[in-house]
Amino acid sequence: MGDKLKLLVAGDVRGNFKALMKRVSTVNDKNGPFDYLLCVGDFFGPSDSEWNAIKNGSIPVPVTTYVLGPNSDEHTSKYSDINGCELCPNISYLGKRGVFTTSDGLRIAYVSGQKEGTSDTSFSENDVMCVRDVCYKGQSNFKGVDILVTSCWPNGISQNHQKAESNLPSGSPLLSWLAAHIKPRYIFSGMHDVYYDRPPYKNEAAPGDTSQHNTRFMALASVGNPSKQKWLYALNIVPMEHMRASELLQGTTDETKSPFPGLAYFSNPTGSQEKANQFFYDMNAPNDRRGGKRGRFDDGGQDRKKRERPVFDQAKCWFCLASPEVEKHLVISVGTHAYLAMAKGGLVEDHVLILPVEHHQSTAEAPQDVLDEIEKFKSAIKKACSKQKKAVVFYERNYKTSHMQIQAIPIPENATKELREIFQESAEAEGFELDELPEHAKLDQVAGPRAPYFYVQLPNGDKLFHRIKKSFSLNFGREVLASGPILDREHMADWKDVKQDKVEEVALVKRFREAFQPYDFTLVE
């Protein structure tokens, strides 16, 4: 078993930030340090006075905090980006729905909104199906997620709990269906000023699934509620991916049957049941981080119509390795899931690209095995360049592209001084901001569903990010590196101006491959 993480979970804050942070600070000093604080239900309240104190630092935030989205229209203006954003230092809004994986491997699924619907304060059938799909993406033997946080309760959660009170709040059938499919070990909800700690229930096995671990549901009351019901919960948890099966499947003496009997057999919340020998999820479907159900979209009888996403023709992609369109003379090294290629019209002679072998739009949408191998290529490139007293800048522009491309551009080590400031000042000159990401942040969490973005990783480990909302210079990253303070090659800012013929490209590939060979992990694996 791996190391345990220490988490705090709070119910509806409703603007009572002083009481929240005072209690969190006390618990953290006494029993911490805690890794994360999760807040469910209403985060903001009718007054901004304490929130302003949070923002200006008068009320300190002792633990990294993640919150859900607005449950009422008057609070939507507090969220600068409804798909996820930083609210202030050390407090981040997770987003409308998705899965957040911490640097420790803890998987937290989340669905914001107080009711079913299509507004910014609600969630839809498409939302829960997208969360389901993200959880199963790239996992042929999916077991479950660690935590599901919602504001609304799953409907029927007290079923099969004989001692449950009869007047507990009703909830959402969509969240019941989601819980049955993604099998969280914990579910935390709020909204109703009720503390309810349900005994663990045994998940049902769906066709093709063998995981039947327990799930514990807990609803928390609001911060500082007058009836003094429990509103803050502390837990130690080992991420599921670090647990042995015997540990994960261990039962308890008070466990009950699932409150959601049969829902694991339905491919969508409206009740289409699969054949007994077929599981609903097509693991070979095109990769789509949050793009909805594979195949035809079933809107559950709603009046609004959804357009089916066009099917991408991989044979016509310039970068899919199996495509006849790919220029194979530029390929340097091929791994299992990713490959290295020489950039056309490179900014420097050792300017290369890291690309997925199969078709994936961006880092935010790529499965973990692809991302892992990309990191291996990054490490190998850095090692090769360090011998030449060079540092490497990696950047990705997920805008007006169809196939993920990570640019790897070596620069002299003495050109790395104030590199972050140069990027940020260049962005300001273009009319946008580059935000620094926390060390643990992952792009699939930060970027939002199919959102265009620019992302750069600097040699010192700093990561800068911009979610593109309007026009964006296609050559921005290259222009910054070509500028006088760094490479002083402004005339090469556009790759089309410095294209080489095939003979020159072949010679470049040969030289780079020979220099890279001692560091090429694909030759020894």
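In the predicted model, Ile354 of strand β18 stands opposite Ile406 in β20, and this pair belongs to a contact between strand β18 (residues 352-356) and strand β20 (residues 406-412), which run antiparallel and are joined by 3 bridges. Helix α7 (residues 419-430) packs on the sheet, where it touches β19, β20, β21, β22 and β23 (463-467), and its direction makes about 10 degrees with that of β23. Helix α6 (residues 368-386) lies across β16, β17 (338-342), β18, β19 (390-398), β20 and β22 (453-457), and runs at about 150 degrees to β19. The sheet in question is open and has 8 strands, in the order β16-β17-β18-β20-β19-β22-β23-β21, with antiparallel pairing. Because β16 (331-334) and β21 (435-436) each have a single partner strand, they stand at the edges, and one side of each is left without a neighbour in the sheet.

A further open sheet is formed by 6 strands in the order β4-β5-β3-β2-β1-β15, and its pairing is mixed. Its edges are occupied by β4 (85-88) and β15 (232-237), each of which has a single partner strand, so that one side of each is without a neighbour in the sheet. On average, and with direction ignored, neighbouring strands of this sheet are turned by 25 degrees against each other. Within the sheet, strand β2 (residues 36-39) and strand β3 (residues 65-67) pair in the parallel sense over 3 bridges, with Leu37 standing opposite Thr65 in β3. Helix α1 (residues 17-31) lies across β1 (5-10), β2, β3, β5 (91-93) and β15, and runs at about 160 degrees to β1. In the loop between β4 and β5 lies Pro89, which is exposed because its relative accessible area is 60%, above the 50% cut-off. Although Pro89 and Thr64 are 25 residues apart along the chain, their C-alpha atoms are separated by 8.9 Å.

Strand β10 (residues 147-150) is covered on both faces, with Ile147 and Val149 buried on one side and Leu148 and Thr150 buried on the other. This strand pairs with strand β7 (residues 107-111) in the parallel sense over 4 bridges, and in β10 the bridge partner of Val111 is Thr150. Strand β10 is also joined by 3 bridges to strand β11 (residues 186-189), again in a parallel arrangement, and here Val149 stands opposite Phe188 in β11. Between these two strands the chain crosses from β10 through helix α4 (residues 173-182) to β11, giving a right-handed β-α-β crossover.

For the protein as a whole, 10 helices and 23 strands are found, and buried residues make up 55% of the 525 residues. Of the contacts with a separation of 6 or more, 71% are accounted for by residues 24 or more positions apart. The protein exposes about 24,300 Å², of which carbon and sulfur atoms supply 46%. The structure holds 0 disulfides. Among the residues that count as buried are Cys130, at 1% relative accessibility, and Cys152, at 8% relative accessibility.

Notes
Residues numbered from 1 in each chain as written. Predicted model: local features only at pLDDT ≥ 70, side-chain atom pairs only at ≥ 80, totals over all residues. Heavy atoms only, no water. Pairing = 2+ DSSP bridges. Axes fitted to C-alpha atoms, helices over the stretch in contact; angles between N-to-C directions. Contact = heavy atoms within 4.5 Å. Buried < 20%, exposed > 50% of the residue type's maximum accessible area, 1.4 Å probe, protein only. Areas by Shrake-Rupley, 256 points an atom, 1.4 Å probe, with all protein chains shown as cover. Right-handed = clockwise from strand over helix to strand, strands pointing away. Disulfide = S-S within 2.5 Å.
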